[in-house]
Amino acid sequence: MTTNSEKEDLQRYLQAARDALVWKLDGLSEYDIRRPMTRTGTNLLGLVKHMIGVELGYFGPTFGRRVPDLPAWLRSEELNVDMWARADESSADIVETYRRTWAFADITIEENDLDAPGFVKHWPEDRRDVTLHRILVHVVTEIHRHAGHADIVRELIDGAAGMKAGDNNLAPGDEAWWAEYNDRLETAAREAHHA
């Protein structure tokens, strides 16, 4: 038997990851939030844009809800269109669309019990029948994975690290401490490689 507190726990973790993902954009230039930082093109604004599609899909059609004002790029056949932003796509509009997506998804979560049935058409046939609980676990897991990507990308861009504003969740070392720490890790890696 599930309780409202279980749903509230899942929703709290979902919102914490949403907030963290958007926070990673703060204070950066349009270039920095859009530029590819890995061979596969991972970029901060693309991670936000991707989660719009994830949340609209899993908290909309999966539970029989039509998505109002579906972004045009979500109707595109282009590969990875949800993982980057064109120059004419405003970052402010993308973030605002994500915030509206939260509200849309939260209605699905609030109006359904955790055992409410859903259907994910693109999943393998033996796993297509789902519950709200399963979708919440899936989406919370996915967004936290992408928030972790954003942590690394942001640190690569300007060195900023941490979990959220006012709580970086890091060891309390200064620049000298971090430099020495990295030297220790490099030494250990080299020693292990040559062992």
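A salt bridge here is a side-chain nitrogen of Lys or Arg within 4 Å of a carboxyl oxygen of Asp or Glu. With that in hand, you can go looking for them: the structure, which is a predicted model, holds 12 salt bridges.

Let's start near the beginning of the chain. In helix H1 (residues 4-23), Arg 12 and Asp 9 are three residues apart, so about one helical turn separates them. Their side chains meet in a salt bridge, with N to O at 3.2 Å. Asp 9 is partly exposed, at a relative accessible area of 34%.

Move on to helix H2 (residues 30-34) and you'll find a similar story. Glu 30 and Arg 34 make a salt bridge through their side chains, this time at 2.9 Å, N to O. The two are four residues apart in H2, which means a separation of about one helical turn. As for their surroundings, Glu 30 counts as partly exposed at 39% relative accessibility, while Arg 34 is buried, because its relative accessible area of 19% falls under the 20% cut-off.

Further along, Arg 86 and Glu 89 pair up as well, their side chains meeting in a salt bridge at 3.5 Å, N to O. Arg 86 is partly exposed, with 37% relative accessibility, but Glu 89 is buried at 9%. This pair doesn't stand alone: salt bridges with shared partners tie Lys 49, Arg 86, Asp 88 and Glu 89 into one network.

Lys 49 from that network has another neighbor to look at. Lys 49 lies over the face of Trp 73, 4.8 Å from the ring centre. You can spot another arrangement of this kind at Arg 127, which lies over the face of Trp 123 at 5.5 Å from the ring centre.

While we're on rings, let's turn to how they meet each other. A pair of aromatic rings is described by the distance of the centres and the angle of the planes. The structure holds five aromatic pairs. One of them is Tyr 98 with Trp 102, an edge-to-face pair with 5.3 Å from centre to centre and 75 degrees between the planes. Both residues belong to helix H4 (residues 91-111), where they sit four residues apart, about one turn of the helix. Both Tyr 98 and Trp 102 are buried. Elsewhere in the chain, Trp 177, Trp 178 and Tyr 181 come together as one aromatic cluster.

Now for helix H3 (residues 44-59). Its 16 residues reach 23 Å from the first C-alpha to the last, close to the 22 Å expected at 1.5 Å a residue. At the N-terminal end of H3, Asn 43 acts as a cap, with a side-chain oxygen 2.6 Å from the backbone nitrogen of Gly 46. H3 is mostly covered, too: 15 of its 16 residues are buried.

That brings us to the inside of the protein. The largest nonpolar core has 43 residues, and those with the most contacts inside it are Leu 14, Phe 59, Tyr 98, Ile 135, Leu 136 and Val 139. H1, H3, H4 and helix H5 (132-158) each supply at least two residues of this core. Which helix gives the largest share of this core? It's H3, with 10 residues. And if Tyr 98 rings a bell, it's the residue from the edge-to-face pair with Trp 102, turning up again among the core residues with the most contacts.

Methods
Residues numbered from 1 in each chain as written. Predicted model: local features only at pLDDT ≥ 70, side-chain atom pairs only at ≥ 80, totals over all residues. Heavy atoms only, no water. Buried < 20%, exposed > 50% of the residue type's maximum accessible area, 1.4 Å probe, protein only. Phe/Tyr/Trp six-rings, centres within 6.5 Å; stacked < 30°, edge-to-face > 60°. Lys NZ or Arg CZ within 6 Å of the ring centre and 35° of its normal. Expected span 1.5 Å × (residues − 1). Polar contact = N/O pair within 3.5 Å; in protein donor to acceptor, adjacent residues only side chain to side chain. Core = buried A, V, L, I, M, F, W, Y, C linked by side-chain atoms within 4.5 Å.
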